[in-house]
Amino acid sequence: MYADGDVPGLLRQMGTADLEQTANMMRRLYPGWEIEESEGSKLSGGVYPPEGTAYAASWPGLEFIGDQRVMIDVPSELPEHLVAASAGRRLVLHAMHSVVDWLAFAVWEDGRLVRSVSLSPDCGIIENIGEPLPFELPYWSGDRPADVIPWPDEDEEPYPLPFHPLELGEDALRALCGFVLEGHLEPDDIDADNIHLHGFRVRDPHGPDPAEQQAAPQRAMEAISPPRFFTISPDGSHIERDDP
């Protein structure tokens, strides 16, 4: 999100974003890319769009983009032109992936990175730049330890991080953007179901062809030999049969 001030305060004031203004923002932030309008989404479901799709909204003083391409492991390496677009404003990046318990968030003020965090149990702390923000302090001080229930029949091992990234991620989302995706809603939380985002199909003309990418798995499946089925004879040898 790009904001001229406090993101939660601004987001609470916003109605439906103008489509033309949002499309102009997309062309400015994706220079030279192919951009085509597509079906939109609510904010609650638009933070992790399908590959090749971006959800966006441009309001006076506040701009939002949801795109897998900016959900990077090392936030400080966000493309320079995206950071430059935040001159005179606040830029907030937030990304989570529940399958691997990964979290990344970062804040720039007038183009200067002031805080960046990225971590997961598999990779540990990937990036930790700047002083912790107030909402982080209970996690780093050990007051919010991870409460992880092991899978059945697995030995319980200590969680490799002092807290659960997704729990910090929800608090970061609330503090930085004013809403949450999971967990208990607080009275001041913005209802993300009430905010509409415009949808766009976005393609780098110099990148791989989407149709080719989609066809590749099918070709790989077709290249695999059909399954073969066997039974075991009384002498222990294998006899191939035609039916499954």
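Contact here means heavy atoms within 4.5 Å. Keep that cut-off at hand as you work through this predicted model.

**Exercise 1. Find which residues Leu11 is in contact with, leaving aside neighbours within four places in sequence, and place Leu11 in its core.**

Step 1. Start from Leu11 and skip its neighbours within four places; the contacts are then Met1, Leu43, Trp59, Leu62, Cys177, Phe179, Ile190 and Ile195.

Step 2. Now look at the largest nonpolar core, which has 35 residues: Leu11, Trp59, Leu62 and Phe179 touch the most other members.

Step 3. Ask which elements supply this core. At least two residues each come from α1 (7-11), β3 (53-59), β4 (62-66), β5 (90-97), β6 (102-109), β7 (112-120) and α6 (165-177). The most come from α6, which gives six.

Step 4. Finish with the other core lying apart from this one: it has 19 residues, including Leu82, Leu93, Ala106 and Phe200.

**Exercise 2. Work out the strand order of the open sheet and say which helices pack on it.**

Step 1. Trace the nine strands across the sheet: the order is β2-β9-β3-β4-β1-β5-β6-β7-β8, with antiparallel pairing.

Step 2. Check the edges. β2 (34-42) and β8 (124-129) each pair on one side only.

Step 3. Zoom in on β3 and β4, an antiparallel pair with five bridges. Here Ala57 has Phe64 of β4 as its bridge partner.

Step 4. Add the helices. Helix α2 (residues 19-29) packs on the sheet and touches β1 (2-3), β2, β3, β4 and β9 (196-203), its direction making about 120° with that of β3. Helix α6 also packs on the sheet, touching β5, β6 and β7, and its direction makes about 155° with that of β5.

**Exercise 3. Describe two of the four aromatic pairs found in the whole structure, and decide whether their residues are buried or partly exposed.**

Step 1. Take Tyr30 and Trp33: this pair is edge-to-face, 5.4 Å centre to centre with 70° between the planes.

Step 2. Apply the cut-off: buried means under 20% relative accessible area. Tyr30, at 8%, is therefore buried, whereas Trp33, at 26%, is partly exposed.

Step 3. Turn to Trp140 and Phe163, also edge-to-face, at 4.9 Å centre to centre and 85° between the planes. Because Trp140 lies in helix α5 (residues 137-140) and Phe163 in the loop between α5 and α6, the pair ties together parts 23 residues apart in sequence.

Step 4. Judge burial again: Trp140 is partly exposed at 28%, while Phe163 is buried at 0%.

Step 5. Round off with the cluster, in which ring pairs link Tyr139, Trp140 and Phe163.

Conventions
Residues numbered from 1 in each chain as written. Predicted model: local features only at pLDDT ≥ 70, side-chain atom pairs only at ≥ 80, totals over all residues. Heavy atoms only, no water. Core = buried A, V, L, I, M, F, W, Y, C linked by side-chain atoms within 4.5 Å. Buried < 20%, exposed > 50% of the residue type's maximum accessible area, 1.4 Å probe, protein only. Helix = DSSP H or I, 4+ residues; strand = E, 2+ residues; numbered from the N terminus. Pairing = 2+ DSSP bridges. Axes fitted to C-alpha atoms, helices over the stretch in contact; angles between N-to-C directions. Phe/Tyr/Trp six-rings, centres within 6.5 Å; stacked < 30°, edge-to-face > 60°.
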